[in-house]
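Here is a short walk through one structure, written for reading beside the model. Have the viewer open and follow along.

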Amino acid sequence: MAENEAYVLHVNGSRREVADAWLGESLLYVLRERLGLLGSKAACEQGECGSCSVLLDDELVCSCLVLAASAVGQTVVTIEGIAPHGSPSDVQRAFVECGAVQCGFCTPGLIMAAHALLERTPQPTGSEIREELSGNICRCTGYGRIIEAVQRVAVWRAIGP
Amino acid sequence: MSTAVREGTIKGRLGDSPPRPDGIPKTQGSFAFAGDLSADGFLWGATLRSPHPHARIRRIDLSAAWKIDGVATIITADDVPGKPTYGLISKDQPVFAADVVRYVGEPVAAVAADHPETCRRALAAIVVDYEMLPPLFDPERAIDGSHPPIHPSGNVIRRQRIVAGDQSLVGEVVVEGTYELGMQDQAFLGLEAALALPDPGGTGVELFVATQWLHEDRGQIAACLDLAPEKVRLTLGGVGGAFGAREDISLQVHTCLLAMRTGRPVRIAYSREESFLGHVHRHPAKIWMRHHATTEGRIQRIEARLVLDGGAYASTSSAVLLNAVTHVQGPYKCLNATVDGYAVRTNNLPCGAMRGFGVVQACFAHEGQMDKLAVACGLDPVEIRLLNAMETGDTLITGQVIENVAPVAECIRRTAALALPDVPVGGRGGDPLDLPGGAGLTADASHIRRGIGWGVAIKNLMYSEAFDDYSTARCRLADGVVSLKFAAVEVGQGFVVLAQQIARSVLGVDDVVLEPIDTSIGSAGSTSASRQTWMSGGAVDGACRLVRERLFEHIGALHDVDPVRLAIDGRDVIDTLGTLRLSVSAASAGVEFTETFEQHHRPTEELDENGQGSCHTAFAFVAHRAVVDVDPELGLVKVVQIATAQDVGVALNPLSVLGQIEGGIAQGLGLAVMEEIIFTDGRVRNASFTDYLLPTMLDMPPVLASMIEQPDPMAPLGAKGVGEPPTISSTPAIVAAIRDAIGRDLTRVPVRPSDICLP
């Protein structure tokens with residue numbers, strides 16, 4: 001195709017070259033198909049479900065709504081970048097312990113949203129959790145265990161695990 | 001895998017809630033879903049779909065599409081080498097429409113190309129010349145014969161009557177109503193996706209796919225490809241939820257054909273819009289019921305007429321209808337019945353399996369009737385249900401006797417005992433998120449009305465009507481390490497952790513290796529019908545027990561002890577009558593035992609023309625109580641609390657059971673107040689998550705759940721399936737609560753704002 005270009009993205013602290021990519025590609029597509037970062041998921045592709053959530057200059061965004069080429073010059077953090085692979089974060093551990101993971105397709109996006117919430121608001125109220133995570137759809141769990149997982153992390157961070 | 005001596009007791013046996021083995025990878029994004037799979041040199045596949053509900057294909061012109069750079073191949077019905085049609089029960093659905101399209105979204109052609117955008121342009125360049133045919137949308141016209149057949153198999157997929165007992169009995173109290181349900185989407189998050197790898201020379205194909213039943217897929221795919229089943233090898237790609245929508249074939253044959261045609265790996269990944277068109281949905285239904293009862297409120301006879309819209313192809317409609325007619329009495333004693341049910345063919349989207357499978361529809365009707373009966377008899381919703389509650393030993397309207405544990409009254413009483421919410425009407429502290437309409441700030445708290453409603457359900461478990469429904473599992477013990485092999489599909493429910501728990505409990509080991517889930521072992525049956533805990537759990541348990549027998553024989557021979565005296569105690573094999581004690585890892589050092597077990601359930605019967613026969617395998621029961629706040633002016637509903645008690649047999653993994661209860665209730669809530677696929681002339685108007693509304697964290701209330709643990713002697717592990725019941729009676733409970741709040745006779749789900757606030 002003719003509408004192609006090369007550009008550079010900054011993802012998870014690394015400089016990543018994107019060679020000869022169609023400029024119509026979303027950030028989600030480029031992360032997944034060109035950079036091999038498969039943790040961000042495509043579930044609705046219109047910013048309704050949060051499965052593709054990433055941090056763009058520390059702001060939580062749906063990567064399906066961002067053109068990849070427009071993210072040049074910004075920092076991107078994906079689910080692969082929030083904790084070393086061998087040592088899951090407290091949010092990731094709490095999700096598993098609390099039963100917040102079933103099929104797991106929404107999970108990376110919810111971890112990103114919960115991570116962003118807890119960085120900003122270490123002790124969120126129940127109402128704050130529900131409002132902040134209401135942009136992430138989970139079809140399996142009914143959300144109860146996810147709320148519990150976020151609350152458990154808040155306790156760990158306050159008094160230690 | 002570590003075999004070092006460990007301190008303490010084994011963690012993660014039956015009854016515990018150990019972390020699931022796929023948990024951490026799923027939180028890290030490293031778990032491979034079907035849509036994450038790739039291969040060197042792969043091509044993207046995409047599907048051209050009919051824009052018309054009913055039309056004859058006069059001509060397909062592919063010439064412009066072939067000229068687009070990057071297009072590798074284009075296929076149509078002419079390129080299907082084997083059986084041109086597929087289907088779960090009757091093979092009536094074309095791989096590609098050949099002469100006639102029967103719904104908007106029916107596949108007509110597929111392309112493989114170098115980029116998704118190339119695929120999109122190629123599909124846009126295919127010219128199909130259609131001749132419009134009169135569409136059939138009204139199920140009643142399918143029944144009365146006033147519309148010509150839209151398929152060679154006719155417009156009625158199945159009619160099933162149930163005629164039981166006294167057909168002329170008229171009760172002292174008679175209540176009737178007509179109930180309707182819209183079409184619900186399973187809306188799993190992980191879109192349909194597959195990767196096909198062709199064998200050299202076109203002799204076979206390997207498919208990685210998110211599905212519910214690998215072996216059934218394989219049989220259907222092989223027939224369409226004209227290959228022997230063993231030439232089609234399926235491996236489960238990670239499944240992002242299923243809920244019934246992956247029971248039918250969707251992209252499987254297309255992906256394999258494109259790969260075999262090009263000799264290259266091919267990936268297909270549906271978009272959300274395509275997913276709405278590409279899988280079957282919950283049947284829309286219209287159900288009329290009349291209950292006859294004594295003045296005290298005892299049900300004497302039910303009459304019912306059920307019409308389910310199956311859409312263009314049969315899928316599992318006949319089995320869904322069976323469930324609907326046989327569950328329409330609800331979990332209540334009743335001896336006399338006159339029931340007539342139809343599943344019909346129309347030019348709407350095909351319908352088939354979704355969590356609850358026909359019982360959701362029946363339950364919405366019978367629970368609406370129970371509340372009417374309560375009012376007519378001067379009873380409250382709990383009293384009328386307790387008065388009629390079914391028990392073990394009761395005879396159903398089909399003549400089948402309930403042999404399972406049947407704690408219906410216990411479900412109701414335990415639910416009633418759960419505390420009502422302490423949140424005042426309209427929420428606490430003026431937080432708008434607690435009000436109907438939420439952050440929209442539309443509600444006037446002083447106008448909010450609260451209501452309480454009930455729903456109780458009976459649900460069959462496993463497959464019915466003489467189907468030999470079995471599952472296979474293999475267990476291997478070598479040098480203290482257990483590995484398990486099965487084809488039971490993990491869709492998120494947690495069978496993978498349950499299988500490990502079973503092996504730890506039976507064999508006294510810590511580590512249990514799970515081999516890939518694929519077709520290199522016998523079938524496990526489908527992950528549906530709340531059946532895997534019972535069937536594949538039973539198979540894993542059986543295989544582990546056979547291995548344990550072999551181990552005991554080996555140790556018995558070595559130590560001159562009768563093997564029947566041996567037992568597992570913690571991590572050790574012990575002589576229950578002597579002093580011998582050695583660790584399982586030491587006992588199995590240098591030897592290897594491998595055993596395979598097939599779990600079958602008891603045979604069932606087909607129904608006769610009067611709907612008589614022991615057609616179901618087993619039953620589970622559940623009760624729900626809903627509390628809602630309603631804004632009667634804007635027609636908005638806030639569900640405040642759901643309380644439930646569920647008959648689970650044994651909670652083998654309490655955290656997983658709770659996950660099924662809460663998740664199932666969320667889907668029941670969705671059907672009650674927001675989820676519906678909207679059609680205009682057969683075209684879906686809301687095929688996106690922007691327009692098809694799903695419950696979010698703000699929509700889900702706290703759930704109070706009580707698990708009733710009465711081990712079922714019929715179940716291999718005493719445990720009943722728990723996946724479907726939560727979805728079934730939560731919907732009528734919420735609707736009953738809305739009726740209670742506003743005093744209106746709501747007869748259709750989802751309840752729309754206009755149903756609540758317009759005169």
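The buried residues of helix H8(B) are covered by elements that include strand S9 (156-164), strand S16 (299-309), strand S17 (336-344), helix H9 (359-377) and strand S18 (449-461) of chain B. Nine of the ten residues of this helix, which spans residues 317-326 of chain B, are buried, so H8(B) is largely enclosed by the rest of the structure. Among the buried ones are B:Val320, B:Leu321, B:Leu322 and B:Asn323. Here a residue is buried if 20 or more other C-beta atoms lie within 10 Å of its own, exposed if 12 or fewer, and partly exposed in between, with C-beta atoms placed from the backbone. Helices (H or I, at least four residues) and strands (E, at least two) are DSSP runs, numbered from the N terminus.

A word on the source: this is a predicted model, in which local features need pLDDT of at least 70 and side-chain atom pairs count only at pLDDT 80 or more, while totals for chains, interfaces and linings use all residues. Residues are numbered from 1 along each chain as its sequence is written, and chains are lettered from A and ligands numbered from 1 in the order in which they are written.

Next, look at where the chains meet. 45 residues of chain A are in contact with 47 residues of chain B; contact means that the C-beta atoms of two residues, placed from the backbone, lie within 7 Å. On the chain A side, the elements giving two or more residues are helices H2 (90-98), H3 (107-120), H4 (126-132) and H5 (144-159). H2(A) provides the largest share, four residues.

Back in chain B, helix H10 (residues 381-388) and helix H11 (residues 408-417) pack at about 155 degrees, with their axes 9 Å apart. That makes the two helices roughly antiparallel, a term for angles over 145 degrees. Their crossing is left-handed, meaning that the near helix is turned anticlockwise from the far one by less than a right angle. B:Val382, B:Arg385 and B:Leu386 of H10(B) meet B:Ala409, B:Ile412 and B:Ala416 of H11(B).

Now for some strands. In chain B, three of them form an open antiparallel sheet in the order S6-S2-S8, with S6 (100-101) and S8 (127-132) as the edge strands. Strands count as paired if DSSP finds at least two bridges between them. Six bridges join S2(B), residues 55-61, to S8(B), and B:Arg56 has B:Glu131 as its bridge partner. In chain A, seven bridges join S1 (residues 4-11) to S2 (residues 14-22), which also run antiparallel. A:Asn4 stands opposite A:Trp22 there.

Finally, some backbone details deserve a look. Most residues other than glycine have a negative phi, and most peptide bonds are trans. The table lists residues with a positive phi.

| Residue | Phi | Place |
|---|---|---|
| A:Asn12 | near 50 degrees | hairpin of S1(A) and S2(A) |
| B:Asp226 | near 60 degrees | loop between H5(B) and S13(B) |
| B:Asp479 | near 50 degrees | loop between S19(B) and S20(B) |

B:Asp226 counts as exposed, with 11 C-beta neighbours inside 10 Å, and B:Asp479 counts as partly exposed, with 13. The peptide bond from B:Val749 to B:Pro750 is cis, with omega near -5 degrees. B:Pro750 sits in the loop between strand S31 (748-749) and helix H17 (753-757) of chain B.

Notes:
Axes fitted to C-alpha atoms, helices over the stretch in contact; angles between N-to-C directions. Parallel < 35°, antiparallel > 145°, perpendicular 65-115°, else oblique.
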